[in-house]
Amino acid sequence: MKTKTLVMHALVAGIYTALCIVLGAYAFGPVQIRIAELLMVLCIFDKKFIYSLTFACFVTNIYGVMNGMDYFMLDIIFGTLATLLSGILMYKLRNIRYKGLPLLSFVMPAVFNGIIVGAELTYYFMTEGSSVLMLFGVNALSVFAGEMISVFILGIVFFKPFERFYQLQLNK
């Protein structure tokens, strides 16, 4: 890997983690809008970003658990898995576009995080007598909505500037 590429991926991973730490109250928990997930849009341009963003999510989740911001250790594994799966599908679906935008790709983090992190939260907050389906629905919908704000809405806003920047980097 070229030094320039390595630095770019390290920078993206660092920005992701820094944003989550700075916006900690919003990046963890049942109601989360992890603004750093906006960077998942980069997976559309280059599959190497899948690795750097998955690593960043892993480090961020460890930080969250160690500092009491994240609820439990399972998120280190399963939250990171959700990021990995999202990135893979974002990349694979990048050529399915509507008006030049890979909208289906933008939805993948919301789907995977909604299901996986929603299930984690349901497991963590489950109490005797509570409805598993109802609790899962609320948790999944909450995480899904936060991801839609971070990746879909902000992804649409930042897609073209990211695309131009990435093209400039390739042409240097």
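In which element of the protein is confidence lowest, and in which is it highest? In this predicted model, the lowest confidence falls in helix H2, residues 24–27, with a mean pLDDT of 79. The highest belongs to H4, at 96. Across the protein the pLDDT averages 90, and 97% of the residues score at least 70. For anyone weighing up local detail, a general caution applies: where pLDDT is low, predicted coordinates should not be read in detail.

We turn next to the interior. The largest nonpolar core comprises 38 residues, and Tyr16, Val41, Phe49 and Leu53 are those with the most contacts inside it. Two or more residues of this core come from each of helix H1 (3–22), helix H3 (48–66), helix H4 (74–92), H5 and helix H6 (132–171). Such an arrangement can be set beside a general tendency: in soluble globular proteins, nonpolar side chains tend to be buried together.

Phenylalanine 49 offers a convenient view of this core. The residue sits in helix H3 and has a relative accessible area of 1%, so it counts as buried. Beyond its neighbours within four places in sequence, phenylalanine 49 is in contact with Met8, His9, Val12, Leu42, Cys43 and Tyr166. Isoleucine 149 lies 100 residues from phenylalanine 49 in sequence, and the two C-alpha atoms are 20 Å apart in space.

Alanine 56 is also found in helix H3. With a relative accessible area of 1%, alanine 56 is buried because its value is under 20%. Leaving out residues up to four places away in sequence, its contacts are Ala13, Tyr16 and Thr17. A further pairing links alanine 56 with threonine 83: the two are 27 residues apart in sequence, with a C-alpha to C-alpha separation of 9.6 Å.

Helix H5 deserves a paragraph of its own. Its 23 residues reach 32 Å from the first C-alpha to the last, close to the 33 Å expected at 1.5 Å a residue. The helix nevertheless carries a kink of about 25°, centred on glycine 114. Asparagine 113 also belongs to H5, which runs over residues 103–125. Is asparagine 113 buried or exposed? Its relative accessible area is 6%, so asparagine 113 is buried. A polar atom of its side chain lies 2.9 Å from the backbone oxygen of proline 109. Once residues up to four places away in sequence are set aside, asparagine 113 touches Glu37, Gly79, Ala82, Ser86, Gly118, Val143 and Glu147.

Two lysines complete the survey. Where is lysine 99 placed? Lysine 99 lies in the loop between H4 and H5. Its phi is positive, about 55°, although the residue is not a glycine. Its relative accessibility of 71% is over 50%, and lysine 99 therefore counts as exposed. Lysine 4, in contrast, is found in helix H1 and is partly exposed, having a relative accessible area of 43%. How many residues along the chain separate lysine 4 from glutamine 169? The answer is 165, while their C-alpha atoms are separated by 9.6 Å.

Notes:
Residues numbered from 1 in each chain as written. Predicted model: local features only at pLDDT ≥ 70, side-chain atom pairs only at ≥ 80, totals over all residues. Heavy atoms only, no water. Helix = DSSP H or I, 4+ residues; strand = E, 2+ residues; numbered from the N terminus. Buried < 20%, exposed > 50% of the residue type's maximum accessible area, 1.4 Å probe, protein only. Polar contact = N/O pair within 3.5 Å; in protein donor to acceptor, adjacent residues only side chain to side chain. Contact = heavy atoms within 4.5 Å. Core = buried A, V, L, I, M, F, W, Y, C linked by side-chain atoms within 4.5 Å. Expected span 1.5 Å × (residues − 1). Bend = angle between axes of the 7 residues up to and from the residue. pLDDT = per-residue confidence, 0-100.
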